[in-house]
Amino acid sequence: MAHLIKDITRFLNISGQSGNRIEVNPYTLSAGITLSYIAFYTAYDKASKSLNGELLKDFFFVRRGYDWTLKEANKVISLSGLTSLLLAFTPEFHHVQKDLLYASMGLLWTHSIYSFYSFYDFSLKKVWNDKLLKPLSVALGAAGHLLLSYSFFGKIDDAVLAVSTTALSIAHFWTMEVDYKYKLQVRPFAYLPFPLSIYAIYRALTPSK
């Protein structure tokens, strides 16, 4: 996984390596991650199971309407925010962790506010009355938000923060996206956070390795 991270950042042409660190502007990295999800997630056609440039035209030129484009953008920023969060807990990006977490929080708060409006009209009652796993998913996401926000004002051990927020974020993602058969309904590129979360937790628990 460490080699994969280095290959991706090298492909984006925004890094220079020094030891185990990857020298990169965290906000450029987060922007690059966002663009990669647009390129490989938004452009993925479920019917043909391949990338389709027409979907990018639909997205950027709002050919399917503002509602479709906004919902696709919301998915992209949620995945970008999650990926940025997970990278912040890896040793390759520990030296820019705070700024990378800021970038992640901005994306994830935007995603949460838009989702709360789009799906629930800012109504907690509608959240409570949703399907079984949805209220749990919202609660998991909210807990992750609060814990991450608290870390900027209070002292939390790095390993505890990494493991807890990673677990809460991935649990939120999975519970929000599974269907009634508990099958994850996402496009292939959206599976990236799962192995990355394992790597982040492993490195948090074994910092000297």
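Contact here means heavy atoms within 4.5 Å. Keep that in mind for these exercises on a predicted model, where local features need pLDDT of at least 70, side-chain atom pairs count only at pLDDT 80 or more, and totals for chains, interfaces and linings use all residues. Residues are numbered from 1 along each chain as its sequence is written, and side-chain values use heavy atoms, with hydrogens and water left out.

**Exercise 1: tyrosine 37**

Task: work out which residues tyrosine 37 is in contact with, leaving aside its neighbours within four places in sequence.

Solution. Start with the stretch from Thr42 to Thr83: tyrosine 37 is in contact with Thr42, Val76, Leu79, Ser80 and Thr83. Then go further along the chain, where Phe189, Ala190, Leu192 and Pro193 complete the list.

Now take one of those partners, threonine 83, which lies in helix 4. Helices (H or I, at least four residues) and strands (E, at least two) are DSSP runs, numbered from the N terminus. At 3% relative accessibility, threonine 83 counts as buried. The cut-offs for that word: buried is under 20% relative accessible area, exposed over 50%, and partly exposed in between, with a 1.4 Å probe and protein chains only. Not counting residues up to four places away, threonine 83 touches Ile33, Tyr37, Leu192, Pro193 and Leu196.

**Exercise 2: the overall layout**

Task: find how many helices and strands the chain has, and in which pattern they follow the sequence.

Solution. Count the elements and you get nine helices and four strands. Read them along the sequence and the pattern is α-β-β-α-β-β-α-α-α-α-α-α-α. Next, check burial: of the 209 residues in the chain, 46% are buried. Finally, look at the contacts with a separation of 6 or more: residues 24 or more positions apart account for 61% of them.

**Exercise 3: the largest nonpolar core**

Task: say which residues in the largest nonpolar core touch the most other members.

Solution. First, the term: a nonpolar core is a set of buried Ala, Val, Leu, Ile, Met, Phe, Trp, Tyr and Cys residues joined through side-chain atoms within 4.5 Å. Of the 37 residues in this one, Leu29, Tyr37, Leu87, Phe89, Phe93 and Phe173 touch the most other members. Two or more residues each come from helix 2 (26-42), helix 4 (66-88), helix 5, helix 8 (158-177) and helix 9 (193-205). Helix 4 gives the largest share, eight residues.

**Exercise 4: two helix pairs**

Task: decide how helix 4 and helix 8 are oriented to each other, roughly antiparallel or roughly parallel.

Solution. Begin with the geometry: helix 4 and helix 8 pack at about 155°, with their axes 10 Å apart. Axes are lines fitted to C-alpha atoms, for helices over the stretch in contact, and angles run from 0 to 180 degrees between N-to-C directions. Angles under 35 degrees count as roughly parallel, over 145 as roughly antiparallel, 65 to 115 as roughly perpendicular, and the rest as oblique. Helix 4 and helix 8 are therefore roughly antiparallel. Leu79, Leu82, Leu85 and Leu86 in helix 4 meet Thr165, Thr166, Ser169, Ile170 and Phe173 in helix 8.

Now try helix 2 and helix 5. Their axes come within 8 Å and cross at roughly 40°, so helix 2 and helix 5 are oblique to each other. On the helix 2 side, the contact is made by Pro26, Tyr27, Leu29, Ser30 and Thr34. Helix 5 brings Asp99, Leu100, Tyr102, Ala103 and Leu107.

**Exercise 5: buried or exposed?**

Task: sort glutamate 72, lysine 49 and aspartate 121 into buried, exposed or partly exposed.

Solution. Glutamate 72 has its place in helix 4 and is buried, with a relative accessible area of 5%. Not counting residues up to four places away in sequence, glutamate 72 touches Tyr41, Thr42, Phe59 and Arg187.

Lysine 49 sits in the loop between strand 3 (44-45) and strand 4 (50-51). Lysine 49 is exposed, at 64% relative accessible area, and has a positive phi of about 55° although it is not a glycine.

Aspartate 121 is found in the loop between helix 5 and helix 6 (124-128). With 47% relative accessible area, aspartate 121 goes down as partly exposed. The phi of aspartate 121 is near 55°, a positive value in a residue other than glycine.
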